Amino acid sequence: MKKDAVLVLSSGGSRGLAQIGVINCLIKNGFNIKSVAGSSIGSIIGGFFSMGKLDDYANWVKQLDKKDVWGLMDFTLKSNGILKGEKVFDTLKQIIPDRNIEDLPIKFAAVATDIIEEKEIVFTTGSIYNAFRASVAIPAVFTPVTDNDTFLVDGGVLNPIPAEYVTQDKNDLLIIVNLYGKSKQHLSKKEISNDTKELHKIKLSINKFLNTGNKKSIGYYNLLSRTSSAMIHKIAELKIKQFNPDILIEIPHDSAKTFDFFKANGLIKMGEEIAQETIDLYFKKNN
């Protein structure tokens, strides 16, 4: 018997790949997902699912190694970001063509942040790739998306768990996937692949910028990243309390770093395992 549900997918960098495993597990357990809302990486996973193309995206990302991930990074000298964020989406468009959100078989909403007006921007129409690019624009990492007289950045800045933007009927279950869960070691620390000498040099130069500071201080980028993470964690906690989901699937916040997309296989498997454990507990309590 199908169980109607709406799904909210949080921001959280490459940890969001675990959401692929979560969705696979939900479908396997008979959940009929009628509406999806996502922020940042959650918008990408939710968007491809709503398109019916999540398997295509999963098959692509599973093949990436460290060198591939670095190869998709298009560095820029602009002062408002170090990555243009165009190369990865241009690559994906060759595999999964663009579509308008209003034409998708499952209702979908993606959230970005208008950093000038300090408000949320919700995409429910127009190009899904335009919505992706705005929603994942991590401040100081990706250059912001210019939209008329404003700048759009990562949706997680104001709303990491956009539960208010799913279309929920009275009897639909609310399912939230939170990528800011408590620490729990699920993945091996063993490296997936070895760096080439050239790649290693690139990493060293970038790490030098990102970790500027002495041993007794914290680098500029690390300080910015940890500060924003702390704020987003707290916002996520408040949103979960506010919406009180029927099922809350929590992925450990230290499962992966922002750009660990080469860990796709392990993250997807972890998502499936955590989702199944959570679903089993839900059925046990409600039967």
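**Figure 1. S40, a buried loop residue with positive phi.** In this predicted model, S40 has a relative accessibility of 5% and therefore counts as buried, the limit being under 20%. The residue is located in the loop that links strand 2 (31-39) to helix 2. Its phi lies near 60 degrees, which is a positive value in a residue other than glycine. Most residues other than glycine have a negative phi. S40 also appears among the contacts of S11, the subject of the next view.

**Figure 2. Surroundings of S11.** S11 belongs to the loop between strand 1 (3-9) and helix 1 (18-28). Its relative accessibility is 2%, so S11 counts as buried. When residues up to four places away in sequence are left out, the contacts of S11 include S39, S40 and I41. Further along the chain, S11 touches D154, G156 and P160, as well as L179, Y180 and I232. One of these partners, I232, is a member of a second, separate nonpolar core, which is shown in Figure 7.

**Figure 3. Packing of helix 1 against helix 2.** The axes of helix 1 and helix 2 (residues 41-51) are 10 Å apart and form an angle of about 40 degrees. Angles from 35 to 65 degrees fall in the oblique class, and the two helices are therefore oblique to each other. Helix 1 passes helix 2 in a right-handed crossing. On the side of helix 1, the contact is made by Q19, I20, I23 and I27. Helix 2 contributes I41, G42, I45 and F49.

**Figure 4. Packing of helix 1 against helix 3.** Helix 1 and helix 3 (residues 54-62) pack with their axes 11 Å apart, at an angle of about 140 degrees. This angle makes helix 1 oblique to helix 3. The crossing of this pair is left-handed. I20, I23 and N24 of helix 1 meet L54, D55, Y57 and A58 of helix 3. I20 and I23 also take part in the contact of helix 1 with helix 2.

**Figure 5. Packing of helix 2 against helix 6.** An angle of about 165 degrees and an axis separation of 9 Å describe the packing of helix 2 with helix 6 (residues 128-135). Because angles over 145 degrees count as roughly antiparallel, helix 2 and helix 6 belong to that class. Their crossing is right-handed. The residues of helix 2 that meet helix 6 are S43, I44, G47, F48 and M51. Their counterparts in helix 6 are I128, Y129, F132 and S135.

**Figure 6. F48 and the largest nonpolar core.** The largest nonpolar core has 69 residues, and those with the most contacts inside it are F48, Y57 and I249. Helix 9 (residues 264-286) gives the most to this core, with eight residues. Leaving aside neighbours within four places in sequence, F48 is in contact with K53, L54 and Y57. F48 also touches L92, I96, Y129 and F132. Y129 and F132 are among the residues of helix 6 that meet helix 2.

**Figure 7. The second nonpolar core.** A second core, separate from the largest one, has 13 residues. Its members include A163, L174, I232 and I240. Of these, I232 is in contact with the buried residue S11.

**Figure 8. Two further loop residues, E118 and K84.** E118 lies in the loop between strand 3 (107-114) and strand 4 (119-123). Its relative accessibility of 65% is over 50%, and E118 therefore counts as exposed. The phi of E118 is near 55 degrees, again a positive value in a residue other than glycine. K84 is found in the loop between helix 4 (66-71) and helix 5 (87-95), and with a relative accessible area of 34% K84 is partly exposed. K84 and T143 are 59 residues apart in sequence, yet their C-alpha atoms are 5.6 Å apart in space. Besides T143, the contacts of K84 beyond four places in sequence are D74, F75, T76 and R133.

**Figure 9. The whole chain as context for the close-up views.** The chain contains nine helices and eight strands. Of its 287 residues, 49% are buried. Among contacts between residues at least 6 apart in sequence, 77% join residues at least 24 apart. The accessible surface comes to about 15,000 Å², and carbon and sulfur atoms account for 51% of this area.

Technical notes
Residues numbered from 1 in each chain as written. Predicted model: local features only at pLDDT ≥ 70, side-chain atom pairs only at ≥ 80, totals over all residues. Heavy atoms only, no water. Helix = DSSP H or I, 4+ residues; strand = E, 2+ residues; numbered from the N terminus. Buried < 20%, exposed > 50% of the residue type's maximum accessible area, 1.4 Å probe, protein only. Contact = heavy atoms within 4.5 Å. Core = buried A, V, L, I, M, F, W, Y, C linked by side-chain atoms within 4.5 Å. Areas by Shrake-Rupley, 256 points an atom, 1.4 Å probe, with all protein chains shown as cover. Axes fitted to C-alpha atoms, helices over the stretch in contact; angles between N-to-C directions. Parallel < 35°, antiparallel > 145°, perpendicular 65-115°, else oblique. Left-handed = near helix turned anticlockwise from the far one by under 90°.
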